[in-house]
Amino acid sequence: MANRTPAWAADEIMTVVAARLLRDGMSCFVGIGIPSTVANLARNTHAPNLFLIYEAGPLGAKPYRLPLSIGDGELAVTADSVVSVPEVFNYWLQGGHIDVGYLSAAQIDRFGNLNTTVIGPDYHDPKVRLPGAGGAPEIAAHCREVTVIMRHTRRAFVPRVDFVTSIGLGPEPDTRSRFGFRGAGPINVITDLGVLKPDPHDNELTLVAIHPGVELQEVMDRTQWPLRVASSLEVTDAPTGEELAVLRDLKNRS
């Protein structure tokens, strides 16, 4: 019997699919962890002129290895310039100069709202207190577009988040414009199972693609709301040997 075990890990295909969305020459607001891995994979493959902006102030960073934190010296040493944190947020981000931001969360709901604050209905007595907002609310509000990257689990994909840390898309079509947010919000949600995008009519997240080897029922079972599925559900392209080699080399350098 042929070996059906995929040649990649769940985090690897999630990272590769997310990296493919980045186009050469874009400006990208980068966080530590998977977002940084995604951006640097793209920069080392198909988008060598990707302009990376890290929260601590490095502009145009070109790290040789994956940074350990937003204050990693590798970022400042390889950057075109380093500015203050207020300038990053007040001018670059809130000024609408950043094409795409990458976010993750503990919870996401069917309209793309994100929670990184508390789990449980009582903010003052939560079941779990999470790390908090950081710069995520500003990224969600002001980047021209946002991609969310997170593992697809029932406890993460909930009908309504316990706390809205970073606003998503709905439920009303004018939700974002009423608050004065210039960015388009989360237009892609990449998980270890597939890809979701907002429905153009009412902004509810819809499954548009699954990764090779993933069954549709598995995605449905790991989602707490009745998940919409595109009429022409696609299968994402498997990671290439080059993509996996570059990704694993980046991780080995750290």
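# Notebook: helix α1, two pockets and a pair of cysteines

**Entry 1, helix α1.** I began with the buried residues of α1, and I noted E12, I13, M14, T15, V16, V17, A18 and A19. That makes α1 a mostly covered helix, with eight of its eleven residues buried. This is a predicted model, so I keep that in mind throughout. What do the buried residues of α1 pack against? I found α2, β5, β10, β11, β12 and α8, the last of these spanning 241-253. One thing to remember when I look at a helix: an α-helix has 3.6 residues a turn, so residues three or four places apart point the same way.

**Entry 2, the whole chain.** I stepped back to look at the chain as a whole. I counted eight helices and 14 strands in the protein chain. The C-alpha atoms fill a box of roughly 55 × 45 × 35 Å along the principal axes. Does the radius of gyration agree or disagree with that of a compact globule? It agrees, because a compact globule of 254 residues would have a value near 18 Å and the protein chain has 18 Å. Buried residues make up 50% of the 254. I also looked up the contacts with a separation of 6 or more, and 64% of them join residues 24 or more positions apart.

**Entry 3, the largest pocket.** Next I went looking for empty space. Rolling a probe the size of a water molecule over the atoms shows where empty space is left. The largest pocket holds about 480 Å³ of space. I found 24 residues lining the largest pocket, and I32, L103, S104, T116 and A136 lie nearest its centre. Which elements give two or more residues to that lining? They are β1 (27-30), α2 (34-43), β5 (100-103) and α5 (136-142). Sorted by class, the lining of the largest pocket has 16 nonpolar, seven polar and one charged residues.

**Entry 4, the second largest pocket.** I then turned to the second largest pocket, which has about 220 Å³ of space. Its lining is made of 13 residues, with V17, L21, V195, A209 and T236 nearest the centre. The elements that give two or more residues here are α1 (10-20), β11 (186-190), β12 (194-198), β13 (205-210) and β14 (228-235). So helix α1 from my opening entry turns up again, as one of the elements that line the second largest pocket. By class I got seven nonpolar, two polar and four charged residues in this lining.

**Entry 5, the cysteines.** How many disulfides are there? The count comes to zero. I checked C28, and its sulfur is 7.9 Å from the closest cysteine sulfur, in C143, which is too far for a bond because a disulfide needs the two sulfurs within 2.5 Å. Seen from the other side, C143 is in no disulfide either, and the sulfur of C28 is the nearest one to it. Both are out of sight: C28 is buried at a relative accessible area of 1%, and C143 is buried at 0%.

**Entry 6, T165.** I picked T165 to see what a loop residue does here. T165 is in the loop between β10 (145-149) and α6 (175-178). Is T165 buried or exposed? T165 is buried, because its relative accessible area of 10% is under the 20% cut-off. Leaving out residues up to four places away in sequence, T165 touches L114, N115, T116, T117, A133 and P137. I had already met T116 among the residues nearest the centre of the largest pocket.

**Entry 7, two strand residues.** I187 is in strand β11, and I210 is in strand β13. I187 counts as partly exposed at 26% relative accessibility, whereas I210 is buried at 9%. Neighbours within four places aside, I187 touches E145, V146, L196, K197 and P198. On the same terms, I210 is in contact with L193, G194, L216, V219, L233, E234, V235 and T236. T236 is also one of the residues nearest the centre of the second largest pocket.

**Entry 8, two distances.** I finished with a pair of C-alpha separations. I187 and M14 are 173 residues apart in sequence and 16 Å apart in space. I210 and L50 are 160 residues apart along the chain, with 27 Å between their C-alpha atoms.

Definitions and conventions: Residues numbered from 1 in each chain as written. Predicted model: local features only at pLDDT ≥ 70, side-chain atom pairs only at ≥ 80, totals over all residues. Heavy atoms only, no water. 1 Å grid on protein atoms, 1.4 Å probe; cavity = no way out; pocket = protein on both sides within 12 Å on 5 of 7 lines; lining within 4 Å. Helix = DSSP H or I, 4+ residues; strand = E, 2+ residues; numbered from the N terminus. Nonpolar A, V, L, I, M, F, W, Y, C, P; charged D, E, K, R; others polar. Buried < 20%, exposed > 50% of the residue type's maximum accessible area, 1.4 Å probe, protein only. Rg over C-alpha atoms; globule rule 2.2 N^0.38 Å. Contact = heavy atoms within 4.5 Å.
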